[in-house]
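Work through the exercises below with the sequence and the structure side by side, and try each task before reading its solution.

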Amino acid sequence: MWTGIQEYIKEFDILNYTAFGGHWLNFQKFEPNQGFHTWHYESMSYDISNRCIVFMVYMNTLTDKGNTEFKYYKHLEDPVEGKILIWPAGYSHCHRSVPSPSQEKYIITGWYSILNIK
């Protein structure tokens with residue numbers, strides 16, 4: 001996963017000048033019809049506003065929905081085991097889960113945050 005983050009930072013080189021820390025991993029299991037259905041972005045409230053990069057790993061393949069939908073890109077990402085998604089944490093990448101009506105979904109999510117350096 002770290003290789004993917006490094007490649008992302010190479011492409012968006014301004015991130016080379018950012019001090020990162022506090023990356024978190026969140027292991028999640030969703031039963032059929034469960035998911036984070038509400039449109040959101042990863043830095044949308046004050047207590048998480050320093051999140052800069054988001055990543056998600058699909059831990060299983062789903063064949064009955066279970067996608068991640070990106071609102072402003074009108075894009076559905078298919079859940080395929082081992083696929084890693086990396087995107088900016090800001091409002092431009094507002095997204096939500098499209099729940100599977102019949103399958104469990106397993107993901108790992110995490111964030112890289114900008115450190116407060118004084």
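Helices and strands are here DSSP runs, of at least four residues (H or I) for a helix and at least two (E) for a strand, and they are numbered from the N terminus. The model is a predicted one.

**Exercise 1. Establish which helices and strands the chain has, and place Lys 65, Asn 33 and Lys 74 in the loops between them.**

Solution. Begin with the inventory: the protein chain holds one helix and seven strands, and along the sequence these follow the pattern α-β-β-β-β-β-β-β. Next, turn to the loops. Lys 65 lies in the loop between β2 and β3, and its phi is near 65 degrees, a positive value in a residue other than glycine. Asn 33 belongs to the loop between β1 and β2, and although it is not a glycine, it has a positive phi of about 70 degrees. Lys 74, finally, is found in the loop between β3 and β4; with a relative accessible area of 76%, Lys 74 is exposed, the cut-off for that class being over 50%. The C-alpha atoms of Lys 74 and His 95 are separated by 9.8 Å, the two residues being 21 residues apart along the chain.

**Exercise 2. Work out in which order the strands of the open three-stranded sheet are arranged, and which of them stand at its edges.**

Solution. The order of the three strands is β4-β3-β6, and their pairing is antiparallel. From this order, β4 (75-77) and β6 are the edge strands, each with a single partner strand, so one side of each is left without a neighbour in the sheet. Neighbouring strands of this sheet are turned against each other by 25 degrees on average, with direction ignored. For the detail of one pairing, take β3 and β4, which are joined in the antiparallel sense over three bridges; Phe 70 stands opposite His 75 in β4.

**Exercise 3. Compare the surroundings of three salt bridges, Glu 7 with Lys 10, Glu 42 with Arg 51, and Arg 96 with Glu 69.**

Solution. The count of salt bridges comes to six, where the criterion is a side-chain nitrogen of Lys or Arg within 4 Å of a carboxyl oxygen of Asp or Glu.

1. In the bridge between Glu 7 and Lys 10, the closest N and O atoms are 3.3 Å apart. The two residues are three residues apart in helix α1 (residues 2-11), and therefore about one helical turn separates them. Glu 7 is partly exposed, at a relative accessible area of 43%, whereas Lys 10, at 61%, counts as exposed.

2. Glu 42 and Arg 51 meet through their side chains at 3.5 Å, N to O. To classify them, recall that buried means under 20% relative accessible area: Glu 42, with 10%, is buried, and Arg 51, with 18%, counts as buried too.

3. Arg 96 and Glu 69 form a salt bridge at 3.0 Å, N to O. Arg 96 lies in strand β6 (residues 95-97) and Glu 69 in strand β3 (residues 68-70), so this pair ties together parts that are 27 residues apart in sequence. Arg 96 is partly exposed at 27% relative accessibility, and Glu 69 is partly exposed as well, with a relative accessible area of 21%.

Beyond these pairs, salt bridges that share partners join Lys 29, Glu 31 and Glu 104 into one network.

**Exercise 4. Describe the lining of the largest pocket, and determine whether β7, one of the strands that supply it, is largely enclosed or open.**

Solution. The largest pocket has a volume of about 330 Å³. Of the 22 residues that line it, those closest to its centre are Gln 28, Phe 36, His 40, Glu 42 and His 95; Glu 42 is also the buried acid of the second salt bridge above. By class, the lining consists of 11 nonpolar, seven polar and four charged residues. At least two lining residues come from each of β1 (20-30), β2 (51-58), β6 and β7 (105-114). Now take β7 itself: eight of its 10 residues are buried, so β7 is largely enclosed by the rest of the structure. Its pairing with β2 is antiparallel and runs over seven bridges, and Phe 55 stands opposite Gly 110 in β7. For the chain as a whole, buried residues make up 36% of the 118 residues.

Terms used. Residues are numbered from 1 along each chain as its sequence is written. This is a predicted model: local features need pLDDT of at least 70, side-chain atom pairs count only at pLDDT 80 or more; totals for chains, interfaces and linings use all residues. Side-chain values use heavy atoms; hydrogens and water are left out. Buried means under 20% relative accessible area, exposed over 50%, partly exposed in between (1.4 Å probe, protein chains only). On a 1 Å grid over the protein atoms alone, a cavity is a set of points where a 1.4 Å probe fits but cannot get out, and a pocket is an open set with protein on both sides within 12 Å along at least five of seven lines; lining residues have an atom within 4 Å of a point. Grid points are joined across faces, edges and corners, and a volume is the space filled by probe spheres set on the points. Ala, Val, Leu, Ile, Met, Phe, Trp, Tyr, Cys and Pro count as nonpolar, Asp, Glu, Lys and Arg as charged, and the others, Gly among them, as polar. Two strands pair if DSSP finds at least two bridges between them. Axes are lines fitted to C-alpha atoms, for helices over the stretch in contact, and angles run from 0 to 180 degrees between N-to-C directions.
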